[in-house]
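Here are my notes after going through the model. They are numbered so you can reply point by point.

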Amino acid sequence: MTTTNSTAGPGTATATEELGSSAQRERRKRILDATIELASQGGFDAVQMREVADRAEVALGTLYRYFPSKIHLLVSALGREFEKAEGALRGREIPGDTPAERVIEVLKLTSRGLQGDPHLTEALTRAFMFADSSVQSEINQVGMLMTSMVTRAMHPGRTEFGDQDVAIAKVIGDVWLSALVGWVTGRSSAADTAQQIEVAVRLLLRD
């Protein structure tokens, strides 16, 4: 899971355009709402660009201008789900006496939220797996949100983090995603996923 800064590719609607007006922000929100609704109903295969455009009440060309492909669309939806999770965590005290305990708690909460909607999680995770370099900007956004959640759990109250903390958070994010892929593809149970994450976090954040 990469978190390096990147500019959007030539086919992607720019951040300036997306944030240029309330109408554009609302249009983008409707598109992502429609995407998540379809994914929740039928997973990856249920998300079809024309159906998304119809539900969001935008022209198909407008949809492609914001999201050049289904993968761009679903990875962006994953980023929004992480934004919601991070926002919820910012407003609460994370239980745990050590960085490892707090990080495990955050990842368990995030995993439970995703596992509660298996069709949506399957769609978002498969999109992340299929993403190539053209989706780098969206992938980076997801990585940065995950890193932010982990580092804030490691050091509550801090707003700046050292290179080592960030590096550890990136590795934890990669392990978490790998475990989630195992659950989505049926190679591991939800309990197995939680155990894999806990072992990795405790090894990386030895108390």
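1. A word on terms before we start: helices here are DSSP runs of H or I with at least four residues, numbered from the N terminus. With that in hand, please keep in mind that this is a predicted model.

2. The overall make-up is quickly told. The protein has ten helices and zero strands, so by the DSSP-run definition the order from the N terminus on reads α-α-α-α-α-α-α-α-α-α. Of the 207 residues, 45% count as buried. The accessible surface comes to about 10200 Å², and carbon and sulfur atoms account for 50% of that. Taking contacts between residues at least 6 apart in sequence, 71% join residues at least 24 apart.

3. How far would I trust it? The mean pLDDT of the protein is 85, and 90% of the residues reach 70 or more. Confidence is highest in H3, at a mean of 96, and lowest in helix H1 (residues 15-18), at 42. Over residues 1-18 the pLDDT stays under 50, yet the model still has 43 contacts beyond four places in sequence for that stretch. I'd read those contacts with the pLDDT under 50 in mind.

4. Next, the annotated stretch. An unreviewed UniProt entry carries the annotation "DNA-binding region" for residues 48-67. In the model this span is 75% helix and 0% strand, and its end C-alpha atoms lie 12 Å apart.

5. Where is Glu 57 found? Glu 57 is in the loop between helix H3 (49-56) and helix H4 (60-66). The phi of Glu 57 is near 60 degrees, a positive value in a residue other than glycine. Most residues other than glycine have a negative phi. As for its surroundings, Glu 57 has a relative accessible area of 68% and therefore counts as exposed, the cut-off being over 50%.

6. Now for the inside. The structure holds one cavity of 30 Å³ or more, and about 40 Å³ of space lies in the largest cavity. Which residues line the largest cavity? They are Leu 78, Leu 114, Thr 121, Leu 124, Thr 125, Leu 177 and Leu 180. Helix H7 (118-130) and helix H9 (163-184) each supply at least two residues of this lining, and the largest share, three residues, comes from H7.

7. Two more loops deserve a look, and both border H9. Thr 159 sits in the loop between helix H8 (136-154) and H9. Is Thr 159 buried or exposed? Its relative accessibility is 62%, so Thr 159 counts as exposed. The C-alpha atoms of Thr 159 and Ser 148 are separated by 9.5 Å, with the two residues eleven apart along the chain.

8. Ser 188 belongs to the loop between H9 and helix H10 (190-204). Here the relative accessibility is 12%, so Ser 188 counts as buried, the limit for that label being under 20%. Which residues is Ser 188 in contact with, leaving aside its neighbours within four places in sequence? The list is Ala 179, Gly 182, Trp 183, Thr 193 and Gln 196.

9. To pull the loops together: Glu 57 counts as exposed, Thr 159 counts as exposed, and Ser 188 counts as buried. When you go back to the model, those loop residues and the lining of the largest cavity, with Thr 121 and Leu 177 among its residues, are where I'd start.

Methods:
Residues are numbered from 1 along each chain as its sequence is written. This is a predicted model: local features need pLDDT of at least 70, side-chain atom pairs count only at pLDDT 80 or more; totals for chains, interfaces and linings use all residues. Side-chain values use heavy atoms; hydrogens and water are left out. Buried means under 20% relative accessible area, exposed over 50%, partly exposed in between (1.4 Å probe, protein chains only). Contact means heavy atoms within 4.5 Å. Accessible areas come from the Shrake-Rupley method with a 1.4 Å probe; for residues, only the protein chains shown count as cover. UniProt positions are given in the numbering used here, feature names are shortened, and annotations may be inferred rather than shown by experiment. pLDDT is the predictor's confidence in each residue, from 0 to 100. On a 1 Å grid over the protein atoms alone, a cavity is a set of points where a 1.4 Å probe fits but cannot get out, and a pocket is an open set with protein on both sides within 12 Å along at least five of seven lines; lining residues have an atom within 4 Å of a point. Grid points are joined across faces, edges and corners, and a volume is the space filled by probe spheres set on the points.
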